[in-house]
Amino acid sequence: MKVIGLAGWSGAGKTTLLARVIPHLLKDGLRVSVIKHAHHAFDVDIPGKDSWRHREAGATEVLVSSARRWALMHELRGAEEPRLPELLTKMSRVDLVVIEGFKREPHRKIEVFRAANGKPFLFPDDPGVVGIATDTAVETRLPTAHLDDIEAIAAMMLRSAISVEEVLAKSEAES
């Protein structure tokens with residue numbers, strides 16, 4: 001299982017880009033999963049539904065299962081937010097896990113940069129950035145691809161991805 005990240009400021013187009021890259025990777029026969037970081041309170045449950053009521057009653061975890069999918073919701077209940085290595089260990093084995101966000105974690109990542117966003121590049125200060133997907137010219141030795149060149153971005157992601165074991169070892173060494 002390999003891991004690569006997409007990192008960038010809010011509004012850079014990470015989600016839109018990933019939604020375009022995933023079908024390209026699937027077409028090549030890869031199994032792809034995503035870990036998405038949310039900076040705000042979010043809920044995947046529906047107030048009033050049984051699983052929501054179980055969580056509201058105080059359950060730490062609620063697993064909902066059907067013939068089409070299952071979802072595990074884990075309430076932190078005041079505990080510290082888990083770091084990326086812990087989340088990676090919870091993932092089922094696939095060919096590629098794409099990390100969206102977690103820009104402060106030390107994994108390899110492709111920076112998604114949109115000029116109109118008005119934010120600075122991450123790559124000068126983040127040694128984890130190994131490539132850039134952008135809509136503007138940039139002076140760097142890192143590989144770059146235009147945001148609309150999905151094939152080139154997918155190839156860059158696959159070339160730059162490292163094994164989950166390497167990510168976990170690197171995170172452990174930096175802790």
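Student: Leaving aside residues up to four places away in sequence, which residues does Arg55 touch?

Tutor: This is a predicted model, in which local features need pLDDT of at least 70 and side-chain atom pairs count only at pLDDT 80 or more, whereas totals for chains, interfaces and linings use all residues. Residues are numbered from 1 along each chain as its sequence is written, and side-chain values use heavy atoms, with hydrogens and water left out. If contact is taken as heavy atoms within 4.5 Å, the residues that Arg55 touches beyond that sequence window are Asp43, Asp45, Val62, Met73, Glu75 and Arg77.

Student: What is the relative accessible area of Arg55?

Tutor: Arg55 is found in helix α2, residues 50-56; helices (H or I, at least four residues) and strands (E, at least two) are DSSP runs numbered from the N terminus. Residues are called buried under 20% relative accessible area, exposed over 50% and partly exposed in between, using a 1.4 Å probe and protein chains only. Arg55 counts as buried because its relative accessible area is 7%.

Student: Which element gives the most residues to the largest nonpolar core?

Tutor: A nonpolar core is a set of buried Ala, Val, Leu, Ile, Met, Phe, Trp, Tyr and Cys residues joined through side-chain atoms within 4.5 Å. The largest one has 22 residues, among which Ile4, Leu6, Leu17, Val21, Val98, Ile110 and Met157 touch the most other members. At least two residues come from each of β1 (2-7), α1 (14-27), β5 (96-100), β6 (109-113), β7 (129-134) and α4 (150-160). With 5 residues, the element that gives the most is α4.

Student: On the side of α4 away from its buried residues, which residues are exposed?

Tutor: In α4, the buried residues are Ile150, Ile153, Ala154, Met156, Met157 and Ser160. They lie on the same side of the helix, because they cover an arc of only 160° around the axis, where the arc is that of the directions from the helix axis to the C-beta atoms. Exposed on the other side of α4 are Glu151 and Arg159.

Student: Which elements do the buried residues of α1 pack against?

Tutor: The buried residues of α1 are Lys14, Leu17, Leu18, Val21, His24 and Leu25. Their packing partners are β1, β2 (32-36), β5, β6, β7 and α4.

Student: How far apart are the end C-alpha atoms of α1?

Tutor: The expected span of a helix is 1.5 Å times one less than its number of residues. For the 14 residues of α1 this should come to 20 Å, and the distance between the end C-alpha atoms agrees, at 20 Å.
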